[in-house]
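Reader: Hello! Could you walk me through this model, with the cut-offs behind each term?

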Amino acid sequence: IAVPLKAGRIRKAVKSYIHAYAPWKPEQLTIGAIKFNQDVQVPSGKVRLTVNTPKHSDWLGAVPFRVQVKVNGRLIRNITVPVNLQVWSDVVLAAKPLGKYQPIHRDAVKVQRMNLARVPASAVINVEEIIGQRAKRNIAVNAIICNDQIEMPPVVQRGDMVQAVAECALN
């Protein structure tokens with residue numbers, strides 16, 4: 001005898017899994033529409049749902065969660081349940097244009113909360129990390145600052161007087 005497994009129960013299992021295993025803090029995460037609306041016919045018995053994240057998922061944007069439906073311990077069906085996840089975090093942007101090799105001061109940057117699905121993975125999220133560094137190339141105003149665009153300034157500048165000490169060890 002087939003009985004319906006309600007779509008709401010499947011959505012609830014996926015949502016519980018996201019809350020339990022998401023690599024983000026709850027206040028950063030917004031769970032969008034869980035796009036699964038069809039009841040599934042299963043044999044009568046004890047139903048168990050197991051939710052898994054796809055391999056190599058970054059939990060950003062549209063994520064296809066896999067749900068295994070088991071009845072009395074026997075696998076009945078695998079279901080893909082797409083969920084739109086929005087993860088919000090502070091991101092560092094240029095508050096004014098930064099020229100090549102220009103030192104980065106606090107007034108040159110700003111922090112804005114953004115959806116990480118629309119931000120490069122190498123974006124700087126902690127403003128304290130880049131204060132005192134310099135731009136490797138020109139960075140436009142309001143551009144997201146990425147780690148590959150900044151560097152520590154050299155200790156010695158062209159034209160600086162330096163003192164070199166050479167030692168020789170004789171055996």
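Author: Happy to, and let us begin with a term: a disulfide is a pair of cysteine sulfur atoms within 2.5 Å. Please keep in mind that this is a predicted model, where local features need pLDDT of at least 70, side-chain atom pairs count only at pLDDT 80 or more, and totals for chains, interfaces and linings use all residues. Residues are numbered from 1 along each chain as its sequence is written, and side-chain values use heavy atoms, with hydrogens and water left out.

Reader: How many disulfides does the structure hold?

Author: Two cysteines are worth a look here. Buried means under 20% relative accessible area, exposed over 50%, and partly exposed in between, with a 1.4 Å probe and protein chains only. Cys146 is buried at 8%, while Cys168 is exposed at 67%. As for disulfides, the count is 0.

Reader: Which element gives the most residues to the largest nonpolar core?

Author: A nonpolar core is a set of buried Ala, Val, Leu, Ile, Met, Phe, Trp, Tyr and Cys residues joined through side-chain atoms within 4.5 Å; the largest has 37 residues, and Ile10, Ile18, Phe65, Val81, Val83 and Leu85 have the most contacts inside it. Elements are DSSP runs numbered from the N terminus, helices (H or I) having at least four residues and strands (E) at least two. Those giving two or more residues to this core are helix H1 (7-21) and the strands E2 (29-34), E3 (40-43), E4 (47-52), E5 (61-71) and E6 (74-94). The element that gives the most, with 7 residues, is E6.

Reader: Which residues does Ile18 touch, not counting residues up to four places away in sequence?

Author: Contact means heavy atoms within 4.5 Å. With that cut-off, Ile18 touches Leu29, Ile31, Trp59, Phe65, Val83 and Leu85.

Reader: How many residues are in the second, separate core?

Author: Its members include Val92, Val109, Val127 and Ile130. The size of this second core is 13 residues.

Reader: What phi does Trp59 have?

Author: Most residues other than glycine have a negative phi. Trp59 is found in the loop between E4 and E5, and it is buried, with a relative accessible area of 7%. Although Trp59 is not a glycine, its phi is positive, at about 60°.

Reader: And what is the phi of Asn142?

Author: Asn142 sits in the loop between strand E8 (134-135) and strand E9 (150-151). Asn142 is partly exposed, with a relative accessible area of 43%. Not a glycine either, Asn142 has a positive phi of about 70°.

Reader: How many residues lining the largest pocket are nonpolar?

Author: On a 1 Å grid over the protein atoms alone, a pocket is an open set of points where a 1.4 Å probe fits, with protein on both sides within 12 Å along at least five of seven lines, and lining residues have an atom within 4 Å of a point. The lining consists of Trp24, Leu60, Leu116, Val119, Pro120, Ala121, Ala123 and Ile125. Ala, Val, Leu, Ile, Met, Phe, Trp, Tyr, Cys and Pro count as nonpolar, Asp, Glu, Lys and Arg as charged, and the others, Gly among them, as polar. No lining residue is polar or charged, and the nonpolar count is 8.

Reader: How far apart in space are Val3 and Gln149?

Author: Val3 lies in strand E1 (residues 2-5) and is partly exposed, with a relative accessible area of 29%. Val3 and Gln149 are 146 residues apart in sequence. In space, C-alpha to C-alpha, the distance between Val3 and Gln149 is 58 Å.
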